[in-house]
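I opened my notebook to look through one chain, step by step. Each entry notes what I looked up.

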Amino acid sequence: MNQALQQFLTDHPRLFVLTGAGCSTDSGIPDYRDRSGAWKRSKPILFQEFMQRAAVRQRYWARSFLGWIPFSQAEPGLAHFALASLEAQGRIVQLTTQNVDGLHQKAGSQQVVDLHGNLAQLVCQNCGEKESRSWMQEKIASLNPGIDQLTARPAPDGDADLKTDFSRIIVPDCPICGGILKPDVVFYGEQVPRPRIEAAYQAVR
Ligand SMILES: [Zn+2]
């Protein structure tokens, strides 16, 4: 281990750790920005667009259907395991992540705040009903025969670079009320829920 980092860990036995996309790139999950912070690709979808336009949702779900397959199969990397090990040694009091991949938990970390949520869960924007992502994947496959035969390169946040006629895509609605289902993650243009921010601040204090 880097000597300066080793010394830092010795000097600070109770850590609050914040992780972001760089922690998961070695697991094959692409990030949005390069080392200088510039956007590598077109900007991600905005919450307002997702809610207001059916065409945006058709595009989102067709791409995410394909992106979910490699995303959900990703395995934790060395950084995830190292952090889980430090927690097990009692050195990390709280880990807060901006990632939505659940890889910290998969590596064994327990004190995790998913600041931006987790892609494995959906929530109805009308009634609050929760659905699992696997339910959504099965629904999309059955409503859109042949979609699972398409191929696309993985993109950040479980997205995929897919080019097809999105206007033909049928998007499942909430099975309870017919409302719009959204991944239970914080989109760009959306606020992080207050209790999650409070939990992070509390841990820092
Ligand atoms: Zn609903």
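**Entry 1: overall shape.** What radius of gyration does the chain have, and what would a compact globule with 205 residues have? I noted first that this is a predicted model. The chain has 18 Å. A compact globule of 205 residues would be near 17 Å, so the value agrees. I then looked up the box around the C-alpha atoms. Taken along the principal axes, the box is roughly 60 × 35 × 30 Å.

**Entry 2: burial and contacts.** I looked up how much of the chain is buried. Of the 205 residues, 26% count as buried. Next came the contacts with a separation of 6 or more. Residues 24 or more positions apart make up 68% of them.

**Entry 3: secondary structure.** I listed the elements. The chain has 7 helices and 8 strands.

**Entry 4: a sheet.** I followed one open sheet of 3 strands. Its order is β5-β4-β8, and the pairing is antiparallel. Why is one side of β5 and of β8 left without a neighbour in the sheet? Both β5 (130–132) and β8 (181–185) stand at the edges with a single partner strand each, so one side of each stays free of a neighbour. On average, neighbouring strands here are turned by 40° against each other, direction ignored. I reminded myself that strands of a sheet pair through backbone hydrogen bonds. Then I looked at one pair. β4 covers residues 117–124 and joins β8 over 4 bridges, in the antiparallel sense. C124 stands opposite L181 in β8.

**Entry 5: the cores.** Which residues have the most contacts inside the largest nonpolar core? They are W61 and F65, in a core of 21 residues. Two or more residues each come from α3 (54–73), β4, α6 (133–143) and β8. α3 gives the most, with 7 residues. I checked F65 on its own. Not counting residues up to four places away in sequence, F65 touches Q137, I140 and I147. There is also a second, separate core of 8 residues. L83, A84, I92 and L103 are among them.

**Entry 6: two helices.** My last stop was the packing of α3 against α6. Two packed helices are described by the angle and the distance between their axes. For α3 and α6, the angle is about 115° and the axes are 11 Å apart. The crossing is left-handed. From α3, the contact uses W61, F65 and W68. From α6, R133, Q137 and I140 take part. So W61 and F65 turn up again here: I had already noted them for the most contacts inside the largest core.

Technical notes. Residues numbered from 1 in each chain as written. Predicted model: local features only at pLDDT ≥ 70, side-chain atom pairs only at ≥ 80, totals over all residues. Rg over C-alpha atoms; globule rule 2.2 N^0.38 Å. Buried ≥ 20, exposed ≤ 12 C-beta atoms within 10 Å, placed from the backbone. Contact = placed C-beta atoms within 7 Å. Pairing = 2+ DSSP bridges. Axes fitted to C-alpha atoms, helices over the stretch in contact; angles between N-to-C directions. Core = buried A, V, L, I, M, F, W, Y, C linked by C-beta atoms within 7 Å. Left-handed = near helix turned anticlockwise from the far one by under 90°.
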